[in-house]
Amino acid sequence: MKRINTYFKSLSPPPKRQKPDTSLPPSTTSTTWHEGYPFPIPDLPGDISDALSEGCGLTPPKTITNHPHLDLLYFQPLIPGNTARELFLFLREELPFYRVKYTIRRGTQETSITTPRFTTVFGVDETSRFSSEVDTSVSSAKLVDFKTNNVIPSTKYKCTPRPIPNCLRPLLDLVTRLTGMDYNFILVNYYATGDDSISYHSDDERFLGPDPTIASLSLGGKRDFLLKHKPGVQAGPLKFPLASGDMVVMRGETQKNWLHSVPKRKEAGGRINITFRKALVPGGTENYYRYNVGDGGVWRWKSDVGEMAAVE
């Protein structure tokens, strides 16, 4: 019925991440650059950007509310096949990814965890904002207080929040328009093989507020998306075979009452999952960067070898 994963691929450990060189110039192509990025991130090619603005979201979503406390929109697809494929290849090659390590404590015992997928994140909670759109040549976007526009003190965040790059903004605009919600965070997961996964969980952290709306877009290999009701109600499990370009939007009481997972899938191809969220307080920013960037090294897709490789 379900398969919950843990993937520990036999790759050599990444080197310790170096502080980004903020004087690094962008490439000759149009890019987004910020001091929080390990390297400049290219903008979307014009054909993909045009397709996202003109040819997506044309198929009405299915509304799934016939289970207790469940409120889903299911776009099948949101992005047509060719565009979804090109977008998958572009984002896998151009975004920085991380293989985060952290420890959890159960009683007096600490356990070391390596996240069973590659992750990356962009955005900042609603108490702050970036003073301007990121410049294409220098790091000019400063964090300011959302209400006063004053530059925030460096002590406000332990992490380094970074703006959403231009290559993800057409997606953000599309999802915002179709769901009628505002988002200030984009989390990107890359499932390199069918052994990469995420176990049952709910996105019900207090920093998301009550009844958060979370949109989840799939690109690349097809994977099962499973839901089951939290203990106390006999409902589910439900399975959605998400293909490239499909999107599920979880709304209302869904996070409060349901768990979801992406289990292992034998011989599955690489998959990118992009989720759109709204964090309300600085604790959300700290959480997302701790568990999606962390303290490990940077990884990037190497097309010549066909896999992620540590950035030296």
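Here are legends for four close-up views of this predicted model.

**View 1. The annotated binding-site residues.**
An unreviewed UniProt entry puts the feature "binding site" at Asn189, Tyr191, His201, His260, Arg271, Thr275 and Arg277. Two of these, His201 and Arg277, get their own views below.

**View 2. A look around His201.**
His201 belongs to strand 12, which covers residues 198-201. Setting aside residues up to four places away in sequence, His201 touches Trp258, Leu259 and His260. His260 is also on the UniProt "binding site" list. Closer to home in the sequence, the His201 side chain reaches the backbone oxygen of Ser199 at 2.9 Å.

**View 3. Arg277 and its neighbours.**
Arg277 sits in strand 18, residues 271-277. With a relative accessible area of 8%, Arg277 counts as buried because that value falls under the 20% cut-off. So who surrounds Arg277, leaving aside neighbours within four places in sequence? The contacts are Tyr183, Asn184, Phe185, Leu187, Asp203, Leu208, Ile214 and Tyr288.

**View 4. The open sheet that includes strand 12.**
Here 4 strands line up in the order 12-17-14-15, with antiparallel pairing. Strand 12 and strand 15 (238-242) are the edge strands; each has a single partner, so one side of each has no neighbour in the sheet. From one strand to the next, the twist averages 15°. Strand 14 (residues 223-229) pairs with strand 15 in the antiparallel sense over 5 bridges. Look for Phe225, which stands opposite Phe240 in strand 15.

How values were computed: Residues are numbered from 1 along each chain as its sequence is written. This is a predicted model: local features need pLDDT of at least 70, side-chain atom pairs count only at pLDDT 80 or more; totals for chains, interfaces and linings use all residues. Side-chain values use heavy atoms; hydrogens and water are left out. UniProt positions are given in the numbering used here, feature names are shortened, and annotations may be inferred rather than shown by experiment. Helices (H or I, at least four residues) and strands (E, at least two) are DSSP runs, numbered from the N terminus. Contact means heavy atoms within 4.5 Å. A polar contact is a pair of N or O atoms within 3.5 Å; within protein, one must be able to donate a hydrogen and the other to accept it, and residues adjacent in sequence count only if both atoms are side-chain atoms. Buried means under 20% relative accessible area, exposed over 50%, partly exposed in between (1.4 Å probe, protein chains only). Two strands pair if DSSP finds at least two bridges between them. Axes are lines fitted to C-alpha atoms, for helices over the stretch in contact, and angles run from 0 to 180 degrees between N-to-C directions.
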